[in-house]
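Here are a few friendly notes to read alongside the structure. Take the points one at a time, and find each place on the model as you go.

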Amino acid sequence: MSKAKDVEVRMSDEDLKFFEELLKQRRAKLVEELRNIEDSNLFTSQSNHGGELSGYTNHLADAASDYTTLDTNFGLAEREGRYLTYIERALSRIKKGTYGVCNTCKELIPKRRLEAVPTATRCVSCKEEGKKQEALEMQMEMAKQKKK
Ligand SMILES: [Zn+2]
């Protein structure tokens, strides 16, 4: 029997527990933020109901500096909603015991990276490799289009 091979890389239960807590904290904070955004959206749409169109356009012009506009909030809610999905996925990976293992090279992702990005599914080098690959594919696509 070969020993070193076929051994599944996984985090210790202690570490899994640590990141489970971390993810749950992030989730609780995010849910609260999303609730706040929803509340302010409700307020914005109500106040715009009887409003004039010109007033609304002026409002949009200020969007860059005004963080309470509907558009900005919507984008924020969407982004945070997506992040919430990542957190849920990370939590289910913790349950399965596959959390903290790089999707690509199947090695453990350094804990320091996970503390910074608890939803990470790849180690830094594989992520960089993926980016390079993407850039290369894009260059090839562009080269192809030039030939046409
Ligand atoms: Zn990797």
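1. Let's begin with confidence. In this chain the lowest confidence belongs to helix H2 (residues 53-61), with a mean of 49, and the highest to H4, at 96. Please keep in mind that this is a predicted model. Over the chain, pLDDT averages 81, and 73% of the residues score at least 70.

2. Two stretches call for care. Residues 49-55 stay under 50 in pLDDT, and the model gives them one contact beyond four places in sequence. Residues 61-65 also stay under 50, with three contacts beyond four places in sequence. Where pLDDT is low, the predicted coordinates should not be read in detail.

3. Now look for the largest nonpolar core. Its 11 residues are Met11, Phe19, Leu23, Ala90, Ile94, Tyr99, Val101, Cys102, Ile109, Leu114 and Cys123. Helix H1 (13-49) and helix H3 (70-96) each contribute at least two residues to this core.

4. One of the core residues, Val101, is worth a closer look. Which residues does Val101 contact, if neighbours within four places in sequence are left aside? They are Val9, Arg10, Lys106, Leu108 and Ile109. Of these contacts, Ile109 also belongs to the core.

5. Lys106, one of those contacts of Val101, sits in the loop between H3 and H4. Is Lys106 buried or exposed? Lys106 is exposed, because 12 other C-beta atoms lie within 10 Å, and a residue with 12 or fewer counts as exposed. Its backbone deserves a look too: Lys106 has a positive phi of about 65°, although it is not a glycine. For context, most residues other than glycine have a negative phi.

6. Next, find Val117 in the loop between helix H4 (111-116) and helix H5 (124-147). Why is Val117 classed as partly exposed? The reason is its 13 other C-beta atoms within 10 Å, since partly exposed residues fall between the limits of 12 or fewer for exposed and 20 or more for buried. Val117 also pairs up with a core residue for a distance check: Val117 and Leu23 are 94 residues apart in sequence, and their C-alpha atoms are 10.0 Å apart in space.

7. Finally, turn to Glu33 in helix H1. Glu33 is partly exposed, because it has 14 other C-beta atoms within 10 Å. Along the chain, Glu33 and Glu80 are 47 residues apart, while 8.5 Å separates their C-alpha atoms.

Methods:
Residues numbered from 1 in each chain as written. Predicted model: local features only at pLDDT ≥ 70, side-chain atom pairs only at ≥ 80, totals over all residues. Helix = DSSP H or I, 4+ residues; strand = E, 2+ residues; numbered from the N terminus. Core = buried A, V, L, I, M, F, W, Y, C linked by C-beta atoms within 7 Å. Contact = placed C-beta atoms within 7 Å. pLDDT = per-residue confidence, 0-100.
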